[in-house]
Amino acid sequence: MSATLRLFRRLLIGINGTGAGLMMLTVFSIVFANAFWRYTAGRSLTWGEDLAIYAMIYGIMFGVALAYLQDRHVRFSIVVDLLPASIRHYNLILIDVLVLCVGIGFAISGYEFIDSRGSRNSPSIGLPLWMFQFSTLMGGILLSISALTMGACRLLGMTEAEVDA
């Protein structure tokens, strides 16, 4: 079970890392192309700024899930470090449960956002807004899966070395 969980976690890290990296490359490419176009043609691409923002939001969603899987997210470690080791373990599991709830709430909010406004088109790009609003739904799902994965690792008593192996 732990070998399967490690493999699944590595797969998620690969997916999220690739997604975040591709979105960073997309943002850089769009901003570079927009700047180049502005200084050579004298005007900006009308869709450039909006598309870069949407790509950045997708990148953040991939990055949040990646950071959680790698346990490199922001937390108040001073409080956690002061706890005895036996309580610290259960505290981390509680945090995983809370992050799972946040991820589910985020996914539900994303779905409702798409449902209420997804049929509109972006004025600058001309594409349906659901394509960009989907990032919130996807981010919630990825964060929930990450929290479930890390919670399962902790419930199985896997050490950091075993999880990263």
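**Notes on the predicted model**

1. Charges to start with: the protein carries 11 positive and 10 negative side chains, and the centres of those two sets sit 5 Å apart. Keep in mind that this is a predicted model, so everything below is computed from predicted coordinates.

2. On secondary structure, there are 6 helices and 0 strands. Going along the sequence, the pattern reads α-α-α-α-α-α.

3. Now the overall dimensions. The radius of gyration is 19 Å, whereas a compact globule of 165 residues would come in near 15 Å. The C-alpha trace spans about 65 × 35 × 30 Å along the principal axes, which you may want to look at alongside the 19 Å figure.

4. For packing, 35% of the 165 residues are buried. Take the contacts with a separation of 6 or more: 73% of them are between residues 24 or more positions apart.

5. As for the surface, the accessible area of the protein is about 10,200 Å², and carbon and sulfur atoms account for 71% of that.

6. One residue to zoom in on is L51, which belongs to helix α2 (residues 48-69). Is L51 buried or exposed? Neither, quite: L51 counts as partly exposed because its relative accessible area is 26%, and that class lies between the under 20% cut-off for buried and the over 50% cut-off for exposed.

7. Which residues does L51 touch, leaving out those up to four places away in sequence? The partners are I30, I125 and F132. As for T26, it lies 25 residues from L51 along the chain, and the two C-alpha atoms are 9.1 Å apart.

Technical notes:
Residues are numbered from 1 along each chain as its sequence is written. This is a predicted model: local features need pLDDT of at least 70, side-chain atom pairs count only at pLDDT 80 or more; totals for chains, interfaces and linings use all residues. Side-chain values use heavy atoms; hydrogens and water are left out. Helices (H or I, at least four residues) and strands (E, at least two) are DSSP runs, numbered from the N terminus. The radius of gyration is taken over C-alpha atoms; the globule rule is 2.2 Å times the number of residues to the power 0.38. Buried means under 20% relative accessible area, exposed over 50%, partly exposed in between (1.4 Å probe, protein chains only). Contact means heavy atoms within 4.5 Å. Accessible areas come from the Shrake-Rupley method with a 1.4 Å probe; for residues, only the protein chains shown count as cover. Lys and Arg count as positive and Asp and Glu as negative; His and the chain ends are not counted. The place of a charge is taken as NZ of Lys, CZ of Arg, CG of Asp or CD of Glu.
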